[in-house]
Amino acid sequence: MATYIRANAWNNGGTFDNTDLLWYAKGVGAMQARALSDTSSWWFFGAIHGEYVTPLSLQDPQAFPWADIPAPFAVPTAPLPAQDVSDQYWDQCQHQTWYFPPWHRGYLLALEAQVRADVIALGGPSTWALPYWNYFGPDQEFTIPPAFTQQNLPDGSPNPLYVTARYGPDSDGNIYIPTVAVIRQNPNDPNLAYGPVTQDSMSNDVYTGNDTNTPPPGFGGPDTGGFSHGGGTSGNLENNPHNLVHVYVGGTSPDGQTPGLMSVPALAGLDPIFYLHHANIDRMWAVWNGNSADTNPTDPNWLSGPAAGGDREFVMPNPDGSSWVYTPQQMSSLSQVNYTYDSLPAAAPAPAVLSERLMRLGAAPAKVKEAATQTAGKNVELVGANQEALPIKGSGALTTVRLNADVRRKVSASLAAAPETGAPDRVYLNLENVRGSHDASVLSVYINLPAGAKPSDHPELLAGSVGLFGLRSASFKDGKHGGQGLNFVLEITKIIDALHLNNALDVDSLQVTIVPHRMVPDQAQITIGRVGIYRQGR
């Protein structure tokens with residue numbers, strides 16, 4: 001039985017009546033009192049995720065230096081640790097990779113151990129565990145727990161959980177997560193007319209790759225082989241909810257100039273709410289693994305981590321100053337670690353996506369039953385793309401994706417034959433090489449949105465929403481990926497099916513509208529290198 005139980009941060013109203021949060025604040029305060037170079041300091045742990053404080057990181061022209069973070073955070077930028085220490089520990093976060101879930105699980109374990117050591121030293125419980133923020137929970141749990149919005153602790157001392165640079169979706173300091181349920185409950189709220197945070201990835205049944213229930217690159221992320229400190233394609237869990245929650249919580253200052261800490265990977269680990277968000281992401285992974293069909297990779301390259309191929313190892317500082325090296329295999333199940341969650345709901349059965357689709361396309365019940373065991377096709381082909389890079393400014397952008405007539409006819413033929421073959425094409429829209437300096441943006445993508453229409457009135461045309469968390473560093477031309485930016489994959493199969501059923505797929509092009517959740521300043525320099533549409537057939 002696990003010694004430590006992570007509990008809901010909203011227990012006792014999410015206030016300091018929840019002693020888990022009160023002791024968290026005190027433990028964080030103890031860590032914040034230490035020097036940047038101290039491996040047990042709050043600042044050192046923030047830099048493990050990412051930092052803008054070393055000379056190398058500050059070479060990035062889009063960097064937001066730690067020295068510029070607004071009060072009351074007094075973020076130290078010196079003394080730096082020895083070069084070999086920062087090289088060993090700092091700038092480790094794994095994003096756009098299949099290592100995203102296991103690396104962050106180890107990171108949480110290390111931070112939790114250090115906070116617990118400080119809690120115990122302050123006279124707190126030896127069983128303290130990190131709370132989680134379940135923004136998909138009932139009532140008001142989509143809002144940040146009130147303990148994070150108070151400037152002072154109950155004893156009148158400054159609250160270490162309080163952060164000024166946490167601006168929220170509306171840049172007004174009101175921190176909430178626009179989940180599907182919240183948007184449905186508030187249909188006339190203009191502030192909720194943007195990309196919803198969902199649990200759609202929980203219906204995936206493939207960790208890496210895709211099948212009839214799972215869009216690429218899979219629940220956990222793409223096979224990246226080596227160490228991946230950002231840049232590339234986010235896995236489905238990472239894209240939504242992870243990235244969107246980061247962007248919505250951090251946001252930008254009202255003048256649009258200052259990013260919230262949670263909006264940028266090199267700042268995010270400084271905000272105490274970060275770890276409660278990631279505890280919920282970790283909990284979602286545990287729930288996903290609770291379905292016997294939802295298994296983690298067995299590939300040796302995943303199990304052993306990037307160090308097995310000669311790349312950087314995953315390593316964290318222990319409270320006693322020693323180092324802890326770990327692998328994804330050691331993080332692959334809660335049964336291997338000494339903690340659990342107070343609530344691990346049974347994983348919902350995988351939806352019958354293909355069966356429902358075939359019925360919609362007119363297949364007979366016998367053919368639907370026969371097709372239920374089919375796997376995804378492997379034949380991927382470009383249907384069409386826009387002609388040039390697409391800048392995203394102000395209220396968004398519109399582009400035309402011209403379709404290759406021969407390939408588009410393959411899609412149409414596949415859909416027309418689906419009632420007999422049971423093997424219709426699936427169709428994806430890719431946002432490729434997204435670059436810029438404004439991480440704090442959520443872009444919603446619509447197909448054939450009528451001119452002048454309100455996007456929120458047409459959810460049936462929404463391809464999906466993406467958060468640009470990590471955009472700055474992924475666009476840095478001297479970075480590991482040469483500034484290639486971020487990539488996103490959105491399945492538009494339902495939209496294409498609807499066009500087919502309405503005899504509206506015999507067209508030369510599709511219109512793609514990009515709608516940001518807030519106005520994008522010109523200086524953000526956000527561009528989408530290409531908008532491509534792909535078919536996946538058999």
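Strand β9 (residues 426-435) is mostly covered, with eight of its ten residues buried. Buried denotes under 20% relative accessible area, exposed over 50%, and partly exposed the range in between, for a 1.4 Å probe and protein chains only. Strands (E, at least two residues) and helices (H or I, at least four) are DSSP runs, numbered from the N terminus. The model is predicted: local features require pLDDT of at least 70, side-chain atom pairs count only at pLDDT 80 or more, and totals for chains, interfaces and linings use all residues. Residues are numbered from 1 along each chain as its sequence is written, and side-chain values use heavy atoms, with hydrogens and water left out.

Strand β9 pairs with two other strands. Pairing requires at least two DSSP bridges between the strands. Strand β14 (residues 526-537) runs antiparallel to β9 and is joined to it by nine bridges. Within this pairing, Glu-432 has Arg-530 of β14 as its bridge partner. Strand β12 (residues 486-491) is also antiparallel to β9, through five bridges. Here Leu-429 stands opposite Leu-490 of β12. Asn-433 lies in β9 as well. Its phi is positive, about 55°, although Asn-433 is not a glycine. Asn-433 counts as partly exposed because its relative accessibility is 23%.

A second strand residue, Gly-384, belongs to β6 (residues 379-385). Gly-384 is buried because its relative accessible area is 5%. The C-alpha atoms of Gly-384 and Gly-532 are 5.9 Å apart, although 148 residues separate the two in sequence. Contact is taken as heavy atoms within 4.5 Å. Neighbours within four places in sequence aside, Gly-384 is in contact with Val-401, Arg-402, Leu-403, Asn-404, Val-531, Gly-532 and Ile-533.

A hairpin is formed by β3 and β4, with five residues between the strands. Strand β3 (residues 314-317) pairs with strand β4 (residues 323-326) in the antiparallel sense, over four bridges. Met-316 faces Trp-324 of β4 across this pairing. In the same hairpin, Gly-321 adopts a positive phi near 95°.

Salt bridges were assigned where a side-chain nitrogen of Lys or Arg lies within 4 Å of a carboxyl oxygen of Asp or Glu. The structure holds 16 of them. One joins the side chains of Glu-112 and Arg-6, at 3.0 Å from N to O. Glu-112 lies in helix α4 (residues 100-121) and Arg-6 in strand β1 (residues 4-6), so this pair ties together parts 106 residues apart in sequence. Both residues are buried. For Glu-112, the assignment follows from a relative accessibility of 2%. Glu-112 also meets Arg-116 in a salt bridge, with an N to O distance of 3.7 Å. Both of these residues lie in α4, four residues apart, about one turn of the helix. Arg-116 is buried too, because its relative accessibility is 8%. A network of salt bridges links Arg-6, Arg-105, Glu-112, Arg-116 and Asp-282.

Asp-406 and Arg-409 form a further salt bridge, the closest N and O atoms being 2.7 Å apart. Both lie in helix α13 (residues 405-421), three residues apart, about one turn of the helix. Arg-409 is partly exposed, because its relative accessible area is 44%.

Pockets were sought on a 1 Å grid over the protein atoms alone, as open point sets with protein on both sides within 12 Å along at least five of seven lines; lining residues have an atom within 4 Å of a point. Volume is the space filled by probe spheres set on the points, which are joined across faces, edges and corners. The second largest pocket has a volume of about 940 Å³. Its lining comprises 40 residues, and Glu-51, Leu-56, Ser-57, Asp-91 and His-229 lie nearest the centre. The elements giving two or more residues to this lining are α3 (83-89), α7 (265-268) and α14 (471-474).

Backbone exceptions were also listed. Most residues other than glycine have a negative phi, and most peptide bonds are trans. The bond joining Ala-71 and Pro-72 is cis, with omega about 10°. Pro-72 is found in the loop between α2 (42-49) and α3. The peptide bond from Ala-78 to Pro-79 is cis as well, with omega near 0°. Pro-79 lies in the loop between α2 and α3. Asn-503, a residue other than glycine, has a positive phi near 55°. Asn-503 sits in the loop between α15 (493-501) and β13 (509-516). Asn-503 is exposed, because its relative accessible area is 73%.

Note on methods: 1 Å grid on protein atoms, 1.4 Å probe; cavity = no way out; pocket = protein on both sides within 12 Å on 5 of 7 lines; lining within 4 Å.
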